[in-house]
Amino acid sequence: MTHSISQAIAKRLIVALDYPNVEEARVLIEHLQGIPCTIKVGMQLFYSAGPDFVRELKAKGYSVFLDLKMHDIPNTVKGGANSITRLGVDIFNVHAAGGVQMMKAAVEGMESALATDSNLARPLLIAVTQLTSTSQQVMNQEIGIQGTVEEAVVHYARLAQQSGLGGVVCSPLEVSMIQQACGTSFATVTPGVRPAGSDLGDQKRILTPGEAIAGGSHYLVVGRPITGANDPREATQQIIEEMSVHVNN
Ligand SMILES: O=c1ccn([C@@H]2O[C@H](COP(=O)(O)O)[C@@H](O)[C@H]2O)c(=O)[nH]1
């Protein structure tokens, strides 16, 4: 494995910093020093640390996925997308269940921010399909969506693509169906990744890091198998090594 290959692979690992405060998040960032992975800031950390911590990660040179999963009326999502784009994040998201008008509004908000500041890089705007913690049974019987999870996920992916988004959040189990429907350059960002033998927690639709990367996931999102490990740096390096062994493209 060459250094440049491992750098490119490491960037495709998104480490979820699911911590209650900035102090704990900084400890993990210290552990990861020198590993060029992407960092995900989700609701728990963002609602406590705010945009300054995102700026801190960007200043350290990280690619940042701001995972706030916006789902609101189009006008509100448009404003949210505008503010997030101005933060300079690399990836952000909305819920596909908000519909085409809402997703198009997110694109408009992003575009208007980009038009006012030429220094901003274009973020990858993606849509959450069905949460990876949702089982077939819960989707049908509790949420009330009929058909298979795969059908629902592909439907949401098509809506996201029609709305001008660049990809989706889905399980690695659904990547090949999405690629058939939307093409291989439509990004798939996949949580629901568990190294063999690790605790599933609340995740229902999972694959291992090797299976996910071999199946064509563009990005793998991993939280607790790293944040809960005795040695988070070693856990991260093992996942990148497994990805490197199994990657096809
Ligand atoms: O469908 C989804 C959408 C987002 N997530 C987020 O990914 C990470 C996964 O963390 P683990 O600890 O590896 O389970 C977490 O931040 C979720 O909010 C998801 O899991 N599924």
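**Exercise 1. Judge the overall size of the fold.**

Task: Decide how the radius of gyration of the protein relates to the globule rule.

Solution. Start with the rule: 2.2 Å times the number of residues to the power 0.38, with the radius taken over C-alpha atoms. For 249 residues, a compact globule would come out near 18 Å. The protein has 17 Å, which agrees. Next, take the box along the principal axes: the C-alpha atoms fill roughly 45 × 40 × 35 Å.

Two notes on the model apply throughout. This is a predicted model, in which local features need pLDDT of at least 70 and side-chain atom pairs count only at pLDDT 80 or more, while totals for chains, interfaces and linings use all residues. Residues are numbered from 1 along each chain as its sequence is written.

**Exercise 2. Describe the architecture.**

Task: Find how many helices and strands the protein has, and what share of its contacts is long in sequence.

Solution. Count DSSP runs, numbered from the N terminus: helices are H or I of at least four residues, strands are E of at least two. The result is 12 helices and 8 strands. Now turn to contacts (C-beta atoms, placed from the backbone, within 7 Å). Take those between residues at least 6 apart in sequence: 70% join residues at least 24 apart.

Then add the record. UniProt, in an unreviewed entry, places "domain: Orotidine 5'-phosphate decarboxylase" at residues 12-239. UniProt annotations may be inferred rather than shown by experiment; positions follow the numbering used here, and feature names are shortened. The end C-alpha atoms of this span lie 11 Å apart. Its content is 46% helix and 16% strand.

**Exercise 3. Locate the nonpolar core.**

Task: Which residues touch the most other members of the largest nonpolar core?

Solution. First fix burial: a residue is buried if 20 or more other C-beta atoms, placed from the backbone, lie within 10 Å of its own, exposed if 12 or fewer, and partly exposed in between. Buried residues make up 40% of the 249. A nonpolar core joins buried Ala, Val, Leu, Ile, Met, Phe, Trp, Tyr and Cys residues through C-beta atoms within 7 Å. The largest core holds 68 residues, and Leu13, Ala106, Ala127, Val168 and Leu220 touch the most other members. Helix α8 (residues 149-162) gives the largest share, 7 residues.

Now follow one member. Beyond four places in sequence, Ala106 contacts Met70, Val77, Lys78, Ala81, Val94 and Leu125.

**Exercise 4. Compare the annotated active-site residues.**

Task: For each residue of the UniProt "active site", say where it sits and whether it is buried or exposed.

Solution. The unreviewed entry lists Asp67, Lys69 and Asp72.

- Asp67 lies in strand β3 (residues 64-70). It is buried because it has 25 C-beta neighbours inside 10 Å. Leaving aside neighbours within four places in sequence, Asp67 contacts Lys40, Val41, Gly42 and Asn93.
- Lys69 also belongs to strand β3. Its count is 16 other C-beta atoms within 10 Å, so it is partly exposed. Its phi is positive, about 45°, although it is not a glycine.
- Asp72 falls in the loop between β3 and α5 (74-87). With 15 C-beta neighbours inside 10 Å, it counts as partly exposed. Ala160 is 88 residues from Asp72 in sequence and 16 Å away, C-alpha to C-alpha.

**Exercise 5. Describe the ligand shell.**

Task: How many residues surround the ligand, and how do they divide by type?

Solution. Count residues whose C-beta atom, placed from the backbone, lies within 6 Å of the ligand. There are 14; the closest are Ala16, Thr132, Pro191, Gly223 and Arg224. Sort them next: Ala, Val, Leu, Ile, Met, Phe, Trp, Tyr, Cys and Pro are nonpolar, Asp, Glu, Lys and Arg charged, and the others, Gly among them, polar. The shell divides into 7 nonpolar, 5 polar and 2 charged.

**Exercise 6. Contrast Thr188 and Gln180.**

Task: Are Thr188 and Gln180 buried or exposed?

Solution. Thr188 is in strand β7 (residues 187-190). It counts as buried because 27 C-beta neighbours lie inside 10 Å. Its contacts beyond four places in sequence are Gly167, Val168, Cys170, Val175, Ile178, Ser217 and His218.

Gln180 is in helix α9 (residues 175-182). With 10 C-beta neighbours inside 10 Å, Gln180 counts as exposed. From Gln180 to Asp72 the C-alpha distance is 29 Å, across 108 residues of sequence.

Methods. Two residues are in contact if their C-beta atoms, placed from the backbone, lie within 7 Å. A residue is near a molecule or strand if its C-beta atom, placed from the backbone, lies within 6 Å of it.
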